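Please open the model in your viewer and keep the selection panel at hand. The tour goes from one contact surface to the next, and each stop says what to select and what is found there.

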Number of protein chains: 2
Amino acid sequence: MVTVRTPRASSRDDILRVFAEHVARKGYSDTSLSEIATVLGLSKGTIVHHFGNKERMLHEVHSAYYERRFAEAEFIHRELDDPLTQLAAIVYALLAAHRDDRAATIAFLREFVRYAEGGGLSEELRGRRIEYRDMVVAIIERGVAGGVFHSSDPGLSALHIFGMCNYAWTWYRPEGAKSIEEIATFFASDVLLGLCGARSESLTDVDEAISTAIATVIRTPNRLPPEPPAAS
Amino acid sequence: MVTVRTPRASSRDDILRVFAEHVARKGYSDTSLSEIATVLGLSKGTIVHHFGNKERMLHEVHSAYYERRFAEAEFIHRELDDPLTQLAAIVYALLAAHRDDRAATIAFLREFVRYAEGGGLSEELRGRRIEYRDMVVAIIERGVAGGVFHSSDPGLSALHIFGMCNYAWTWYRPEGAKSIEEIATFFASDVLLGLCGARSESLTDVDEAISTAIATVIRTPNRLPPEPPAAS
DNA sequence: ATTCGCCTACCGGACGAACGGTCAGTGTAA
DNA sequence: TTACACTGACCGTTCGTCCGGTAGGCGAAT
């Protein structure tokens, strides 16, 4: 095979993209550098040249994933002001990532436990995880303080939400019957009605909050476009 | 080290136990047979002698895990009759496994996606997963039919519950401040109040259902005892 | 305009380690 | 004598990593 190399155009991004796809499909340990090199028509040495080692590649995938989630979250925080809508937006954003940022999302959710305990590059990513969680906890606490939410433990409420959303990669399929918007609406009203105490007047509030939340998250700057349905 | 080998006592169970612990801690691919052999003072050949290959060991761990969950679930079904209490019991059972059946639970939740797509030993385990899900869906549907629950999509409600519970291994620590009973009570009332429409009169119903559920699950025959708090 | 050195992407073979798995053989209880 | 848990040397493969070398674009010096 003749390699046609566009001058000055590094394969860095391609490598990272294919790497994330493989990690998503087979997990980190079962992803081999030689396989990725073969897919891209590169040599294994090139990959090492760009990233140093395999661990740093995973770190970079995870780091970029966090970057996107934080950008989203900060946009949500900036554009929306009531906790109800903010929380709905977080739920939708986390679920939309399953469709629009699929490879990185699955690669992250499959492998982030690697950073649970110390060692190597884990400090930074562990910090980011705590940061994100605290942000959601803060939203819930603001809701509680404002009398909108009722939760005896905002930390557990947040873990409830994260579990509900972050487990979706194990069952969600883009080609499935339910759209992400339907799923997010269902999940968000589930938890929001619970948090609101589900007084009947809050029903319309929740519906409205979810609509606004979805519309807002979609407007996130530099947002990855929804992935087209798989051709195969 | 001198190996004291009790005659006729096969190491099968020990091997499987240590294997599950290692898979829980490091994942399937990063668990090596030689390491397990060393820990137990055996040779690698012995492990292969008992199980044939590594894949079958994982299969057996997962299979045994399902066995225990189904035994629990069937006991719940037998002892309890209203969907409210049954669902609370399922939530508690899934969470209690994180403490009382810890290694197998984490090993399962880390690795069950391996069986998502076809190949090898996956058919049976995939079937069991569907079976378990359908059972929970059936409970919700019975609740809906009886007017106790309100859910426009029992399938999604079940996925909500599974996500909430099955994500716990990523954050739950036995030595943590919250007990499994507290967590389960919090999570169960979250979803049950949502499903009940959270009319105020259902609040006491839900509390009572959860208490009954916990008391019942604990009585499950052949239940593994709660693991003692780690000494180290 | 040509030459030069430098930077960087990339090659591709070699490496040592570790892996899962094989197999002929051993010792002991039944 | 049979049955079986178990050994330990061994095999083929694959892994991540290393490294000397090549090629081409580019800015500076000539």
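Begin by colouring chain A and chain B separately: about 2900 Å² is buried between chain A and chain B, and carbon and sulfur atoms give 63% of that area. Bear in mind throughout that this is a predicted model. If you now select the residues in contact, you should have 33 residues from chain A and 33 residues from chain B.

Next, look for the charged pairs across this interface, where the count between chain A and chain B is four salt bridges. One to display as sticks is the salt bridge between Arg114(B) and Asp30(A), in which the closest N and O atoms are 3.4 Å apart. Polar contacts can be added to the same view, since eleven residue pairs across the interface of chain A and chain B are in polar contact.

Which helices of chain A each supply at least two residues of the side that touches chain B? Select helix H6 (102-111), helix H8 (154-166) and helix H9 (180-196) of chain A, each of which meets that description. Of the elements on this side, H8(A) gives the most, with eight residues. Colouring the side of chain A that touches chain B by residue class should show 16 nonpolar, nine polar and eight charged residues.

**DNA strand C**

Now select DNA strand C together with its surroundings, which consist of 20 residues, the closest being Ser11(A), Ser43(A), Thr46(A), His49(A) and His50(A). On the side of the nucleic acid, sugar and phosphate account for 64% of the atoms of DNA strand C that come within 4 Å of the protein.

Three side chains are worth displaying in turn against the phosphates. In His50(A), an N or O atom of the side chain is 2.7 Å from a phosphate oxygen of DNA strand C. Moving to chain B, a polar side-chain atom of Lys54(B) lies 2.9 Å from a phosphate oxygen of the strand, and for Ser32(B) the corresponding distance from a polar side-chain atom to a phosphate oxygen of DNA strand C is 3.3 Å.

To see where this surface comes from, select helix H3 (44-51) of chain A together with helix H2 (33-40) and helix H3 (44-51) of chain B, which are the elements that give two or more residues to the surface near DNA strand C. H3(A) gives the most, with four residues. By class, the surface near DNA strand C has five nonpolar, eleven polar and four charged residues.

**The two domains of chain A**

For the last stop, hide everything except chain A and colour domain 1 (12-51) and domain 2 (58-218) separately. The C-alpha centres of these two domains of chain A lie 29 Å apart. Where they meet, 13 residues of domain 1 are in contact with nine residues of domain 2, and the area buried between them is about 880 Å², of which carbon and sulfur atoms give 66%.

Across this domain interface there is one salt bridge; to find it, select Glu60(A) and Arg12(A), whose closest N and O atoms are 1.9 Å apart. Five residue pairs across the interface of domain 1 and domain 2 of chain A are in polar contact. Finally, select helix H1 (residues 12-26) of chain A, which gives the most to the side of domain 1 that touches domain 2, with nine residues. Coloured by class, that side of domain 1 has seven nonpolar, two polar and four charged residues.

Methods
Residues numbered from 1 in each chain as written. Chains lettered and ligands numbered in written order. Predicted model: local features only at pLDDT ≥ 70, side-chain atom pairs only at ≥ 80, totals over all residues. Heavy atoms only, no water. Contact = heavy atoms within 4.5 Å. Buried area = accessible area lost by both parts, 1.4 Å probe. Salt bridge = Lys/Arg side-chain N within 4 Å of Asp/Glu carboxyl O. Polar contact = N/O pair within 3.5 Å; in protein donor to acceptor, adjacent residues only side chain to side chain. Nonpolar A, V, L, I, M, F, W, Y, C, P; charged D, E, K, R; others polar. Near = heavy atom within 4 Å. Domains from an automatic or database assignment.
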